[in-house]
Amino acid sequence: MQNSLNTRSMIFTLYGDYIRHYGSEIWIGSLIRFLEEFGHNEQAVRAAISRMSKQGWIESRKQGNKSYYFLTPRGQKRMDEAAKRIFKLQPEKWSGDWTMFTYTIPEEQRSIRDELRKELVWSGFGLLTNSFWISPGNQENQITAVIEKYDIRNYVHYFTAQYKGPDESTRLVRECWNLEEINERYEEFIKTYSQKYVIDKNKIEKGEMSDGECFVERTKLVHEYRKFLFIDPGLPQELLPSDWLGDHAASLFSDYYKALALPANRFFESIYREGNELNKAISYNVLEHPLMANSEPNS
């Protein structure tokens with residue numbers, strides 16, 4: 001299991017689930033210590049941090065002989081967007097509108113096309129036909145951000161429209177996303193983590209699971225659930241099949257996350273305070289995440 005946990009991805013998970021609540025900054029020594037829990041060595045951590053810095057996700061500052069790494073505005077924005085999608089258990093009410101986005105980017109800028117495709121998939125867009133992407137709801141903020149990021153104003157158009165046929169909107173969904181495959185991934189997640197949840201909850205209640213073990217399991221849980229950001233477009237309930245397992249998976253994730261939260265956070269703080277100021281956000285409640293508090297899983 002440890003070998004499958006990519007170092008860079010794990011660092012993103014730690015920033016998203018822990019570090020961003022503590023000033024979004026961490027001493028490299030602490031980060032190395034945390035990653036040791038998952039079998040990553042110092043060299044791998046430093047290489048991953050260097051790559052993330054070059055990609056504009058983090059920046060560094062020196063204090064004495066220590067290097068601290070903090071999220072850039074771009075990195076902070078991505079973490080906030082990801083948190084909203086991870087922790088919100090119910091989709092928003094759908095207006096019936098679709099956002100449509102199309103582009104014609106010159107061949108000499110084909111590298112931008114590849115990055116743009118990844119960005120659109122992450123934002124929940126589906127490819128209807130060549131260079132023509134759609135997403136339910138008003139996605140103007142995401143589109144504006146993408147246009148500015150890649151400086152492609154001269155090559156794109158986007159619209160908000162309603163689908164008038166000849167079939168139902170669910171046909172668009174079938175053509176753009178493989179919901180059956182996504183549902184199978186949710187089923188795998190539920191099979192694996194429902195059993196782990198029962199076992200770990202029982203261990204925690206009996207005092208048989210250490211804070212460090214809870215930290216590892218909570219981080220792995222978030223790391224695995226976070227992968228759905230890249231495959232599940234977060235469609236409105238009206239467009240999902242009746243046997244959709246996303247709600248069940250979200251409910252399981254929430255319950256398991258809360259069971260591990262307190263001991264995991266104790267471990268995080270015990271390591272973090274050794275080389276960092278414990279600058280914990282006042283609004284951060286580890287048991288009742290603000291993006292979970294007002295949401296109840298569907299029955």
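Here are some worked exercises on the predicted model shown above.

**Exercise 1. Work out how far you can trust the model, and where to be careful.**

Start with the average. The protein chain has a mean pLDDT of 88, and 92% of the residues score at least 70.

Next, look at the extremes among the elements. Helix H8 (residues 179-206) has the highest confidence, at 97, while helix H4 (residues 73-87) has the lowest, at a mean of 79.

Then check the tail. Over residues 290-299 pLDDT stays under 50, and the model has 16 contacts there beyond four places in sequence. Where pLDDT is low, the predicted coordinates should not be read in detail. So treat those 16 contacts with caution.

**Exercise 2. Decide whether the overall dimensions agree with a compact globule.**

Count the elements to get your bearings: there are ten helices and seven strands.

Now take the chain length. For 299 residues, a compact globule would have a radius of gyration near 19 Å. The protein chain comes out at 21 Å, which agrees. Along the principal axes, its C-alpha atoms fill a box of roughly 60 × 45 × 35 Å.

Finally, look at burial and contacts. Buried residues make up 48% of the chain. Of the contacts with a separation of 6 or more, 78% are between residues 24 or more positions apart.

**Exercise 3. Find the largest nonpolar core and the element that gives the most to it.**

The largest nonpolar core holds 66 residues. Those touching the most other members are Ile11, Tyr15, Leu31, Phe34, Trp98, Phe189 and Phe215. Helix H10 (residues 246-272) gives the most to this core, with 13 residues. Another core, of 14 residues, lies apart from it and includes Phe101, Ile105, Leu116 and Val156.

As background, nonpolar side chains tend to be buried together in soluble globular proteins.

**Exercise 4. Work out whether helix H2 is enclosed, and by what.**

Helix H2 spans residues 28-36, and seven of its nine residues are buried, so the helix is largely enclosed by the rest of the structure. The buried ones are Ile28, Gly29, Ser30, Leu31, Ile32, Phe34 and Leu35. Two of these, Leu31 and Phe34, are also among the best-connected members of the largest core.

What do they pack against? The partners are helix H1 (7-17), strand S1 (25-27), helix H3 (42-54), strand S3 (66-71), helix H9 (211-226) and H10.

Step on into the loop between H2 and H3 and you meet Phe38. This residue counts as buried, because its relative accessibility is 1%.

**Exercise 5. Describe the surroundings of Thr99.**

Thr99 sits in strand S4 (residues 97-103). With a relative accessible area of 1%, Thr99 is buried.

Next come the neighbours. Leaving aside those within four places in sequence, Thr99 is in contact with Phe125, Trp133, Ile134, Ser135, Gly137, Asn138, Gln139, Ile143, Phe159 and Thr160. One of these partners deserves a closer look: a polar atom of the Thr99 side chain lies 3.0 Å from the backbone nitrogen of Gln139.

**Exercise 6. Pick out the backbone oddities and say where they lie.**

First, the rule of thumb: most residues other than glycine have a negative phi, and most peptide bonds are trans.

- Gly165 and Pro166 are joined by a cis peptide bond, with omega about 15°. Pro166 is in the loop between strand S7 (156-162) and helix H7 (169-176).
- Ser131 has a positive phi, near 60°. Its loop runs between strand S5 (126-129) and strand S6 (132-136). Ser131 is buried, because its relative accessible area of 17% falls under 20%.
- Asp151 has a positive phi too, near 50°. Asp151 lies in the loop between helix H6 (140-150) and S7. At 63% relative accessible area, Asp151 is exposed.

**Exercise 7. Set the two UniProt domain annotations against the helix and strand content of their spans.**

The unreviewed UniProt entry places "Transcriptional repressor PaaX-like N-terminal" at residues 7-74. That span is 51% helix and 22% strand, with its end C-alpha atoms 20 Å apart.

The same kind of record puts "Transcriptional repressor PaaX-like C-terminal" at residues 177-269. Here the span is 73% helix and 0% strand, and its end C-alpha atoms lie 41 Å apart.

Note on methods:
Residues are numbered from 1 along each chain as its sequence is written. This is a predicted model: local features need pLDDT of at least 70, side-chain atom pairs count only at pLDDT 80 or more; totals for chains, interfaces and linings use all residues. Side-chain values use heavy atoms; hydrogens and water are left out. Helices (H or I, at least four residues) and strands (E, at least two) are DSSP runs, numbered from the N terminus. Buried means under 20% relative accessible area, exposed over 50%, partly exposed in between (1.4 Å probe, protein chains only). A polar contact is a pair of N or O atoms within 3.5 Å; within protein, one must be able to donate a hydrogen and the other to accept it, and residues adjacent in sequence count only if both atoms are side-chain atoms. Contact means heavy atoms within 4.5 Å. A nonpolar core is a set of buried Ala, Val, Leu, Ile, Met, Phe, Trp, Tyr and Cys residues joined through side-chain atoms within 4.5 Å. UniProt positions are given in the numbering used here, feature names are shortened, and annotations may be inferred rather than shown by experiment. pLDDT is the predictor's confidence in each residue, from 0 to 100. The radius of gyration is taken over C-alpha atoms; the globule rule is 2.2 Å times the number of residues to the power 0.38.
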